[in-house]
Amino acid sequence: MAKEIERKFAVKSMIFKDIAIAKKTMIQAYIFNSDKISLRIRIEDNSANINLKESLSPLSRKESEMNISISAAKELIENLNISNIVEKERYIVKAQIVDDIQNEKYFEVDVFHGDNEGLIVAEIELDYEEQEFIRPEWLGEELSYDTKYLNTNLAKHPYKFWK
């Protein structure tokens with residue numbers, strides 16, 4: 001299993017849309033979802049996968065992914081009658097890393113829809129937890145340590161019920 005290290009932030013301005021280099025539409029359906037482990041199906045534009053994540057710390061997770069066909073993904077979601085679904089558009093924005101100019105990193109800015117409409121968060125995947133990057137002006141408060149912003153928790157406790 002690969003290790004991912006992510007930091008998550010609120011987004012305070014829509015400026016990121018003007019500098020995004022790509023945009024994807026995603027549906028994530030959670031088959032199993034606990035505090036420590038999640039198993040999900042993701043349909044992303046023209047591809048699909050099954051993903052297993054295990055939480056190691058607030059910033060780090062072990063992750064394994066297997067590609068499947070879109071038809072198999074849709075069939076699994078329908079046949080398993082999965083209701084824990086997260087819908088979003090993801091914008092990819094180039095990030096600037098302080099300690100390694102050659103190592104390209106990107107912010108993944110998720111604009112949520114459905115039961116999480118109105119929520120916008122940005123994530124950056126890093127090589128190590130203390131890795132420094134330049135914070136763009138549109139980036140707001142850090143949310144990395146607040147578990148309610150994890151997609152797994154947004155599937156169980158959507159943003160529309162927070163208010």
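## Aromatic pairs

A search of the whole structure, which is a predicted model, finds 7 aromatic pairs. One of them joins F16 and Y91 in an edge-to-face arrangement, with 5.3 Å from centre to centre and 75° between the planes. The two partners come from distant parts of the chain: F16 belongs to helix α1 (residues 16–19) and Y91 to strand β6, 75 residues apart. F16 has a relative accessible area of 0% and is therefore buried. Y91 is likewise classed as buried, because its relative accessible area is 7%, and the cut-off for burial is under 20%.

A further edge-to-face pair consists of F107 and W138, whose ring centres are 5.4 Å apart and whose planes make an angle of 75°. This pair also links distant parts of the chain, since F107 lies in strand β7 (residues 105–113) and W138 in the loop between β9 (133–134) and β10 (139–142), with their positions 31 residues apart. F107 counts as buried because its relative accessibility is 1%. W138, at a relative accessible area of 2%, is buried as well.

## Aromatic cluster and a charge over a ring

The residues of both pairs belong to one aromatic cluster, formed by F9, F16, Y91, F107, F133 and W138.

Elsewhere, a charged side chain is placed against an aromatic ring: K148 lies over the face of W162, at 4.7 Å from the ring centre.

## The largest pocket

The largest pocket holds about 660 Å³ of space. Its lining comprises 37 residues, and those nearest the centre are E4, E6, K53, R61 and L150. Two or more lining residues come from each of the strands β1 (2–11), β2 (22–33), β3 (37–44), β4 (47–55), β5 (60–68), β6 (85–97) and β8 (120–126), and from the helix α3 (151–156). Strand β3 makes the greatest contribution to the lining, with 5 residues.

In composition, the lining divides into 20 charged, 10 polar and 7 nonpolar residues.

## Local environments of I50 and K23

I50 is situated in strand β4. Its C-alpha atom is 5.7 Å from that of R40, a residue 10 positions away along the chain. Leaving aside residues up to four places away in sequence, I50 touches L39, R40, I41, S64, E65, M66, I68 and L76. R40 thus appears among the contacts of I50.

K23 occupies a place in strand β2. With a relative accessible area of 45%, K23 is partly exposed, because that class covers values between 20% and 50%. The C-alpha atoms of K23 and E108 are 9.4 Å apart in space, while the two residues are separated by 85 residues in sequence. With residues up to four places away in sequence not counted, K23 touches D45, E89, R90 and Y91. The last of these, Y91, is the ring paired with F16.

## A buried loop residue

N116 is located in the loop between β7 and β8. N116 counts as buried because its relative accessibility is 1%. Beyond residues up to four places away in sequence, N116 is in contact with V86, L154, P158 and Y159.

Terms used
Residues numbered from 1 in each chain as written. Predicted model: local features only at pLDDT ≥ 70, side-chain atom pairs only at ≥ 80, totals over all residues. Heavy atoms only, no water. 1 Å grid on protein atoms, 1.4 Å probe; cavity = no way out; pocket = protein on both sides within 12 Å on 5 of 7 lines; lining within 4 Å. Points joined across faces, edges and corners; volume = space filled by probe spheres on them. Helix = DSSP H or I, 4+ residues; strand = E, 2+ residues; numbered from the N terminus. Nonpolar A, V, L, I, M, F, W, Y, C, P; charged D, E, K, R; others polar. Phe/Tyr/Trp six-rings, centres within 6.5 Å; stacked < 30°, edge-to-face > 60°. Buried < 20%, exposed > 50% of the residue type's maximum accessible area, 1.4 Å probe, protein only. Lys NZ or Arg CZ within 6 Å of the ring centre and 35° of its normal. Contact = heavy atoms within 4.5 Å.
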